[in-house]
Amino acid sequence: MSELVTGEAVALELRPAKLPSRGLAVLLDLAAAVTVYILVTLGLVAATASLDEAARTAVSIATFVLVLVGGPILVETLTHGRSLGKLACGLRVVRDDGGPIRFRHALVRGLLGVIEILMTFGVVACVASLVSARGRRLGDVFAGTLVVRERIPAAGQGAFVPPPPPWLAGRFSGLDLSAVPDGLWLAVRQYLTRMRQLDPQVGWSMAERLASDVAGRTGAPVPPGVPPAMYLAAVLQERQTREAQRTFGGGGSPAAPAPTGAGGPVLSPPAVPPAPVPPPVSPPVTPVGPASSSEAAGGGASAERPSTGFAPPA
């Protein structure tokens, strides 16, 4: 599931960039790369004037590969998908799940970009982008990336993913998240960043559906007593923690292991204050009134008054 649309027509997915904006960004990137290539070539011509023809040819080929192929790969890796042209057009290259790209994504896009952009003058890239539903060229398809339009947060609302509560953080370290597809991660991420903008009933039903999909992929049901939105936030944080550990070599402090049972991690239920104990109710007191006339006429003694043996005159 790569796209979710609520009843309020809120699309929980990044907006793919259109072909005109992508073409303009590519032209700006090519203009910058060609400018750098010409300047470097002029400098190398003066520096390699004493070399023979074969050596100058090898230097020229190496310069072409390093500047026009390695340059864009390096720039996209360092800027996390925002090259000069994409920055000017408000675009960014992201993974299919909405996360930032890494070197392997930029490498695949750059190598295939030589074929579909440089060698074919962009014809293959344009055809692939027009055929794709999300405007992806072949490099994006093989790299698992997507070029999107960056959203500008309005009035202090950013794409902030709320963290799970402290009692739930780090409790899903034993889950197997390898079977969860990138499209589902993207839907979870976009839901968490926009759940405060949704109607409470619509947001709750969507959280239940997403939590059910994630639980079905991981093979462990949602623990009882855990709200679906908190479950999604905790699982997404666990995935981000694992990616950070793979990227930085596990330098962070590992999360405390959670107790596991037969069905997966066992979570402690949320703290619920005990219900107040009602005060004891005293038995009703029957008021004692004057004796009825029938009892007075019969001369019967009251239950509350001791008998004295005195009988009133008739």
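**Helix packing and buried contacts in a predicted model**

Leu186 lies in helix H7. In this predicted model, Leu186 counts as buried, because its relative accessibility is 2%, and the cut-off for a buried residue is under 20%. Leu186 also shows how a chain can bring distant parts of its sequence together in space: Leu186 and Asp96 are 90 residues apart in sequence, yet their C-alpha atoms are 7.1 Å apart.

The wider picture fits around this example. The protein has 314 residues, of which 32% count as buried. Its secondary structure consists of ten helices and four strands. Read from the N terminus, the elements follow the order α-α-α-β-α-α-α-β-α-α-α-β-β-α. Among contacts with a separation of 6 or more, 74% are between residues 24 or more positions apart.

Helix H7 leads on to the nonpolar cores. The largest nonpolar core has 26 residues, and the members that touch the most others are Tyr191, Leu210, Tyr231, Leu232 and Val235. Three helices, H7 (182-194), H8 (200-218) and H9 (228-248), each supply at least two residues of this core. Leu232 gives a view of the packing from one side chain's place: leaving out residues up to four places away in sequence, Leu232 touches Val188, Tyr191, Leu192, Ala207, Leu210, Ala211 and Val214. A second core, separate from the one just described, has ten residues, including Ala17, Ala25, Ile73 and Val93.

Ile73 appears again where two helices meet. The axes of H2 and H4 are 9 Å apart, and the helices pack at an angle of about 145 degrees. H2 passes H4 in a right-handed crossing. From H2, the contact is made by Leu68, Val69, Ile73, Glu76 and Thr77; from H4, the residues taking part are Phe103, Ala106, Leu107, Arg109, Gly110, Leu111, Val114 and Leu118. Two residues of this contact, one from each helix, are worth a closer look.

On the H2 side, Thr77 lies in helix H2 and has a relative accessible area of 19%. Thr77 is therefore buried, since the cut-off is under 20%. A polar atom of the Thr77 side chain lies 2.8 Å from the backbone oxygen of Ile73. When residues up to four places away in sequence are not counted, Thr77 touches Phe103 and Ala106, and both of these belong to the H4 side of the contact.

On the H4 side, Arg109 is found in helix H4, which spans residues 103-119. Is Arg109 buried or exposed? With a relative accessible area of 3%, Arg109 is buried. The side chain of Arg109 is joined to that of Glu76 by a polar contact of 2.9 Å, and Glu76 is one of the H2 residues in the helix contact. Arg109 has other partners as well: apart from neighbours within four places in sequence, Arg109 is in contact with Arg22, Glu76, Lys86, Val93, Arg137, Gly139, Asp140, Ala143, Thr145 and Val147. Val93 in that list is also a member of the second nonpolar core.

Helix H2 takes part in a further feature, this time with rings. A pair of aromatic rings is described by the distance of the centres and the angle of the planes. A search of the whole structure finds one aromatic pair. Tyr37 and Phe64 make up this pair, which is edge-to-face, with 6.1 Å from centre to centre and 85 degrees between the planes. Tyr37 lies in helix H1 (residues 19-47) and Phe64 in helix H2 (residues 53-79), so the pair ties together parts that are 27 residues apart in sequence. Tyr37 counts as partly exposed at 22% relative accessibility, and Phe64 counts as partly exposed at 34%.

Finally, two loop residues draw attention through their backbone angles. His80 has a phi near 60 degrees, a positive value in a residue other than glycine. Where is the place of His80? His80 is in the loop between H2 and helix H3 (84-89), and at 39% relative accessibility His80 counts as partly exposed. Phe121 also has a positive phi, near 55 degrees, and is likewise a residue other than glycine. Phe121 is in the loop between H4 and helix H5 (123-131). Because its relative accessibility is 76%, Phe121 counts as exposed.

Conventions
Residues numbered from 1 in each chain as written. Predicted model: local features only at pLDDT ≥ 70, side-chain atom pairs only at ≥ 80, totals over all residues. Heavy atoms only, no water. Buried < 20%, exposed > 50% of the residue type's maximum accessible area, 1.4 Å probe, protein only. Polar contact = N/O pair within 3.5 Å; in protein donor to acceptor, adjacent residues only side chain to side chain. Contact = heavy atoms within 4.5 Å. Core = buried A, V, L, I, M, F, W, Y, C linked by side-chain atoms within 4.5 Å. Phe/Tyr/Trp six-rings, centres within 6.5 Å; stacked < 30°, edge-to-face > 60°. Axes fitted to C-alpha atoms, helices over the stretch in contact; angles between N-to-C directions. Left-handed = near helix turned anticlockwise from the far one by under 90°.
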